[in-house]
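Here is a chain to read alongside its structure. The questions below go through its fold, its interior and its surface.

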Amino acid sequence: MSSPIPLKVGILLLSAGVQLMDVAPVDMLGMLSKDYVQACQLPEHLVAKALNIEYYFINETGDGPNQMTGGFKVAVT
């Protein structure tokens, strides 16, 4: 059974420039989340083991959005 207490993940976006591939591994972690497992319509016994995950995109100033490579912008939460 997954924990009711969410795993809180902070992604630091530095002003020196962040490449999209720098934050891509977070997507792999997201594949363990309850939302993702439910969206994949996996069996209930797997959904029960999925994690509750909260993501926070942060930078030095708290201002956003943060510019990344490829013209991608991330909202600072």
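Patches are made of residues with over 30% relative accessible area and no salt bridge, and nonpolar side chains such as Leu, Ile and Tyr are joined within 5 Å. The model discussed here is predicted.

Q: Which residues make the nonpolar surface patch of about 330 Å²?
A: Nonpolar side chains join a patch when they lie within 5 Å of each other. The patch covers about 330 Å². Its members are L12, L14, Y56 and I58.

Q: Is Y56 buried, partly exposed or exposed?
A: Y56 is found in strand 2, residues 53-58. Its relative accessible area is 30%. Buried needs under 20% and exposed needs over 50%. Y56 therefore counts as partly exposed.

Q: In what order do the helices and strands run from the N terminus?
A: The chain holds 4 helices and 4 strands. From the N terminus on, the order is β-α-α-α-α-β-β-β.

Q: What radius of gyration does the chain have, set against a compact globule of 77 residues?
A: The C-alpha atoms fill a box of roughly 45 × 25 × 15 Å along the principal axes. A compact globule of 77 residues would come in near 11 Å. The chain has 15 Å.

Q: What share of the 77 residues counts as buried?
A: Buried means under 20% relative accessible area. The accessible surface of the chain comes to about 5500 Å², and 62% of that belongs to carbon and sulfur atoms. The buried share of the residues is 21%.

Q: What share of the contacts between residues at least 6 apart in sequence joins residues at least 24 apart?
A: A contact here means heavy atoms within 4.5 Å. Take the contacts between residues at least 6 apart in sequence. The share that joins residues at least 24 apart is 55%.

Q: Which residues make up the largest nonpolar core?
A: In soluble globular proteins, nonpolar side chains tend to be buried together. The largest nonpolar core here has 8 residues in all. They are V9, I11, L13, V18, V23, I53, M68 and V74.

Q: Which residues does M68 touch, leaving out those up to four places away in sequence?
A: M68 belongs to the largest nonpolar core, as do V18, V23 and V74. M68 touches those three core residues, and Q19 and L20 as well. The full list is V18, Q19, L20, V23 and V74.

Q: Is V9 buried or exposed, and which residues does V9 touch beyond four places in sequence?
A: V9 is found in strand 1, residues 7-12. At 14% relative accessibility, V9 counts as buried. V9 and L29 are 20 residues apart in sequence, yet 9.6 Å apart in space, C-alpha to C-alpha. The residues V9 touches are L29, I53, E54, Y55 and Y56.

Q: Which residues does S33 contact, leaving aside neighbours within four places in sequence?
A: S33 sits in the loop between helix 2 (25-30) and helix 3 (34-39). At 11% relative accessibility, S33 counts as buried. Its contacts are A50, L51 and I53.

Q: What is the phi of Q41?
A: Q41 lies in the loop between helix 3 and helix 4 (44-47). At 70% relative accessibility, Q41 counts as exposed. Most residues other than glycine have a negative phi. For Q41, phi is positive, near 55 degrees.

Q: Which residues does A75 touch, not counting those up to four places away in sequence?
A: A75 is in the segment after strand 4 (73-74). A75 is exposed, at 51% relative accessible area. The residues touched are F57 and P65.

Q: Which residues does V76 touch, not counting those up to four places away in sequence?
A: V76 is also in the segment after strand 4. V76 is partly exposed, at 22% relative accessible area. V76 and T61 are 9.6 Å apart in space, C-alpha to C-alpha. The residues V76 touches are F57, I58, N59, G62, D63, G64 and N66.

Q: How far apart in space are T77 and Y55, C-alpha to C-alpha?
A: T77 lies in the segment after strand 4. T77 is exposed, with a relative accessible area of 58%. It touches Y55, Y56 and F57. T77 and Y55 are 22 residues apart in sequence, and their C-alpha distance is 8.4 Å.

Key
Residues are numbered from 1 along each chain as its sequence is written. This is a predicted model: local features need pLDDT of at least 70, side-chain atom pairs count only at pLDDT 80 or more; totals for chains, interfaces and linings use all residues. Side-chain values use heavy atoms; hydrogens and water are left out. Patches are made of residues with over 30% relative accessible area and no salt bridge: like charges are joined within 9 Å, nonpolar side chains (Val, Leu, Ile, Met, Phe, Trp, Tyr) within 5 Å. Accessible areas come from the Shrake-Rupley method with a 1.4 Å probe; for residues, only the protein chains shown count as cover. A salt bridge is a side-chain nitrogen of Lys or Arg within 4 Å of a carboxyl oxygen of Asp or Glu. Helices (H or I, at least four residues) and strands (E, at least two) are DSSP runs, numbered from the N terminus. Buried means under 20% relative accessible area, exposed over 50%, partly exposed in between (1.4 Å probe, protein chains only). A nonpolar core is a set of buried Ala, Val, Leu, Ile, Met, Phe, Trp, Tyr and Cys residues joined through side-chain atoms within 4.5 Å. The radius of gyration is taken over C-alpha atoms; the globule rule is 2.2 Å times the number of residues to the power 0.38.
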